[in-house]
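Me: I've got a protein model open and I'd like to go through it bit by bit. Can we do it as questions and answers?

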Amino acid sequence: MEELGAEVVIMGFVGVVEHGYVPGDGVERHEINLVFDAHLADTSVASQEEELEFAWLSLSELPDHDLRPAALKDVLLHRTEATPFWRPWKPASLTQTGTPS
């Protein structure tokens, strides 16, 4: 357990979700989402990016919200394993062999 100031206490590493998407500018983006279990004393932290919105939710509130990427929401709602998870991105442009189509 690591304390980051009085506002956040990191309880432990939970997993990784890899994701890709193409926004309105048509340029493919790729991201790695690192997931930690944390307890926040102050939930007034705001996003530093206009197009992103922060919402601090309990797992019981998650089904009613549009969390992206969808794979992250899915793994958080259905996680049963005790060890950290990794969900790789599977771009539509790859065939089953993993080579570009």
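**The pocket and its surroundings**

Reply: Sure, and keep in mind that this is a predicted model. Let's begin with the lining of the largest pocket, whose residues divide into 21 nonpolar, 4 polar and 8 charged.

Me: How much space lies in the largest pocket, and which residues are the closest to its centre?

Reply: The space in the largest pocket comes to about 1,800 Å³. It is lined by 33 residues, and the closest to the centre are Ala55, Trp56, Leu67, Arg68 and Leu72.

Me: Which element gives the most to the lining of the largest pocket?

Reply: Start with the elements that supply at least two residues each: β2 (8–21), β3 and α1. The one that gives the most, with 8 residues, is β3.

Me: What pattern does the chain follow along the sequence?

Reply: Count the pieces to begin with: the chain has 1 helix and 4 strands. Put in sequence order, they read β-β-β-α-β.

Me: How is the aromatic pair arranged, stacked or edge-to-face?

Reply: The structure holds 1 aromatic pair. Its ring centres, those of Phe13 and Phe36, are 5.6 Å apart, and the planes sit at 70°. Planes over 60 degrees apart fall in one class, so at 70° this pair is edge-to-face.

Me: Where do the two partners sit, and how many residues apart are they?

Reply: Phe13 is in strand β2 and Phe36 is in strand β3, so the pair links distant parts of the chain. Along the sequence, the two are 23 residues apart.

Me: Is Phe13 buried, exposed or partly exposed, and what about Phe36?

Reply: Buried needs under 20% relative accessible area and exposed needs over 50%. Phe13 has 41%, and Phe36 has 43%. Those values fall in between, so Phe13 is partly exposed and Phe36 is also partly exposed.

Me: Is Asn33 buried or exposed?

Reply: Asn33 lies in strand β3. Its relative accessibility is 18%. The cut-off for buried is under 20%, so Asn33 counts as buried.

Me: Which side chain makes a polar contact with that of Asn33?

Reply: Leave out residues up to four places away, and Asn33 touches Gly15, Val16, Val17, His19 and Pro69. For the polar contact, look at the side chain that joins Asn33 at 3.3 Å, which belongs to Glu31.

Me: What is the relative accessible area of Pro69, and which residues does Pro69 touch?

Reply: Pro69 lies in the loop between β3 and α1. Pro69 is buried, because its relative accessible area is 2%. Not counting residues up to four places away in sequence, Pro69 touches Val17, His19, Glu31 and Asn33.

Me: What distance separates the C-alpha atoms of Pro69 and Gly20?

Reply: Along the chain, Pro69 and Gly20 are 49 residues apart. In space, their C-alpha atoms are separated by 8.7 Å.

Me: Is Pro63 buried, exposed or partly exposed?

Reply: Pro63 is in the loop between β3 (29–40) and α1 (70–78). Its relative accessibility is 47%. Exposed would need over 50% and buried under 20%, so Pro63 counts as partly exposed.

Me: Which residues is Pro63 in contact with, leaving aside neighbours within four places in sequence?

Reply: As a bit of background, the C-alpha atoms of Pro63 and Asp74 are separated by 9.2 Å. The contacts of Pro63, once those neighbours are left aside, are with Lys73 and Leu77.

Notes
Residues are numbered from 1 along each chain as its sequence is written. This is a predicted model: local features need pLDDT of at least 70, side-chain atom pairs count only at pLDDT 80 or more; totals for chains, interfaces and linings use all residues. Side-chain values use heavy atoms; hydrogens and water are left out. Buried means under 20% relative accessible area, exposed over 50%, partly exposed in between (1.4 Å probe, protein chains only). Contact means heavy atoms within 4.5 Å. A polar contact is a pair of N or O atoms within 3.5 Å; within protein, one must be able to donate a hydrogen and the other to accept it, and residues adjacent in sequence count only if both atoms are side-chain atoms. On a 1 Å grid over the protein atoms alone, a cavity is a set of points where a 1.4 Å probe fits but cannot get out, and a pocket is an open set with protein on both sides within 12 Å along at least five of seven lines; lining residues have an atom within 4 Å of a point. Grid points are joined across faces, edges and corners, and a volume is the space filled by probe spheres set on the points. Ala, Val, Leu, Ile, Met, Phe, Trp, Tyr, Cys and Pro count as nonpolar, Asp, Glu, Lys and Arg as charged, and the others, Gly among them, as polar. Rings of Phe, Tyr and Trp (its six-membered ring) pair if their centres lie within 6.5 Å; planes under 30 degrees apart count as stacked, over 60 as edge-to-face and the rest as tilted.
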